[in-house]
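Visitor: Could you walk me through this model, one question at a time?
Guide: Gladly; here it is.

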Amino acid sequence: MTIQVFGHKSPDTDSTGSPIIWAWYLNEVKGASAEAKLLGEPNTEAAWLLNRWDLPKPAIIEDVADDAAVVIVDTNNPAELPANINGADVQAIIDHHKLVGGLETKGPIDITIRPLACTATIMHDLMGDIDMPDWVKGTMLTCILSDTLEFRSPTTTDHDKAVSEKLAADLGIDIPGYAAEMFAAKSDVSSFSDAELLRMDSKEYEVDGTKFRVSVLETTAPSVVLDRKASLMESMTTVASEDGVDQVLLFVVDILNEEATLLVPNDLVKSVAAKSFDVEATGDNVVLPGVMSRKKQIIPNLKV
């Protein structure tokens with residue numbers, strides 16, 4: 001049976017690249033039959049990754065069949081996975097997020113969850129000293145630079161940086177120039193509707209009974225997004241209703257200035273800003289200096 005390898009819904013660069021990396025490893029090193037899959041359209045930076053390293057886009061799947069062999073990467077949260085994930089035969093989890101709970105497996109499995117900034121860093125360690133084609137190294141490098149925002153994110157560890165620098169040296173790549181190309185692709189959101197932007201890089205999270213869709217847009221051109229703030233805030237109501245949440249929270253992360261702007265469409269979000277980040281929102285947005293990471297700085301601080 002072919003093993004399906006996939007990450008979370010709304011796939012970013014790590015959830016696009018890491019399934020491809022691990023499927024290659026299972027096929028070429030472990031002698032298994034494996035295929036990378038996606039749980040949605042990749043974002044613009046992830047699409048750039050596929051084009052840069054001439055990789056075919058993995059097939060997008062809606063769900064998994066009973067007893068289907070799967071490996072989950074870059075998440076362990078059932079809310080970010082196919083509806084029938086507990087009916088599948090989950091064989092392994094490779095992740096760098098906190099343990100959420102709720103997954104049920106057919107038997108004992110391999111689980112690797114490490115406090116690193118990127119799943120690809122963990123995969124690099126798990127693979128050990130093996131020969132990798134340049135495209136695997138390039139995909140790993142892209143994933144790590146994306147998740148660390150070129151080492152600006154507080155999730156970055158010395159090990160993530162060391163692995164990136166080794167991969168870049170092997171490939172003859174200048175990290176600042178390469179990262180600039182990546183972030184330019186990430187920042188090109190002109191072709192997306194407001195609803196698509198709100199769902200592009202988002203996770204559902206519940207705080208004291210209030211359900212949020214926590215959306216993050218990382219960009220080197222925040223004005224392109226903020227110029228659309230009126231229509232984005234109008235779309236939040238529709239997206240929240242369609243997705244079964246109480247409120248969409250949108251954080252526009254300015255990669256270069258290392259800050260986030262939270263859109264404030266109503267009193268609920270105004271209260272969230274005050275209680276979570278100790279800031280008073282007097283208008284329809286508020287700047288949060290130094291906030292770069294949903295995982296480390298946004299989600300853990302959310303209060304209602």
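The questions below go through sheets, cores, a helix and aromatic pairs.

Visitor: Before we start, what kind of model is this, and what pLDDT do local features need?
Guide: Residues are numbered from 1 along each chain as its sequence is written, and side-chain values use heavy atoms, with hydrogens and water left out. This is a predicted model in which totals for chains, interfaces and linings use all residues, side-chain atom pairs count only at pLDDT 80 or more, and local features need pLDDT of at least 70.

Visitor: In what order do the 5 strands of the open sheet lie?
Guide: Helices (H or I, at least four residues) and strands (E, at least two) are DSSP runs numbered from the N terminus, and two strands pair if DSSP finds at least two bridges between them. The pairing in this sheet is mixed, and strand 7 (202-207) and strand 11 (285-289) are the edges, each pairing on one side only. The order is 7-8-9-10-11.

Visitor: Which residue of strand 9 is the bridge partner of Glu218?
Guide: Strand 8 (residues 210-219) runs parallel to strand 9 (residues 247-254), with 8 bridges between them. For Glu218, the partner in strand 9 is Val253.

Visitor: At about what angle does helix 9 run to strand 9?
Guide: Axes are lines fitted to C-alpha atoms, for helices over the stretch in contact (heavy atoms within 4.5 Å), and angles run from 0 to 180 degrees between N-to-C directions. Helix 9 (residues 229-243) lies across strands including strand 7, strand 8 and strand 11. Its angle to strand 9 is about 135°.

Visitor: Which helix gives the most to the largest nonpolar core?
Guide: A nonpolar core is a set of buried Ala, Val, Leu, Ile, Met, Phe, Trp, Tyr and Cys residues joined through side-chain atoms within 4.5 Å; buried means under 20% relative accessible area, exposed over 50%, and partly exposed in between (1.4 Å probe, protein chains only). This core has 70 residues, and Val5, Trp22 and Leu262 are among those touching the most other members. The top contributor, with 7 residues, is helix 1 (residues 13-28).

Visitor: Is strand 4 enclosed or open, and which residue of strand 5 is the bridge partner of Val71?
Guide: Strand 4 (residues 69-73) is largely enclosed by the rest of the structure, because 5 of its 5 residues are buried. Strand 4 pairs in parallel with strand 1 (residues 3-6) over 3 bridges and with strand 5 (residues 89-95) over 5 bridges. On the strand 1 side, Val5 has Val71 as its partner. In strand 5, the partner of Val71 is Ala92.

Visitor: How far apart are the end C-alpha atoms of helix 4?
Guide: The expected span of a helix is 1.5 Å times one less than its number of residues. With 15 residues, helix 4 (residues 134-148) should span 21 Å, and the model agrees. The ends are apart by 21 Å.

Visitor: What kind of aromatic pair do Trp48 and Tyr178 form?
Guide: Rings of Phe, Tyr and Trp (its six-membered ring) pair if their centres lie within 6.5 Å; planes under 30 degrees apart count as stacked, over 60 as edge-to-face and the rest as tilted. Trp48 belongs to helix 2 (residues 44-52) and Tyr178 to helix 6 (residues 175-187), 130 residues apart. Their ring centres are 5.3 Å apart with planes at 65°, so the pair is edge-to-face.
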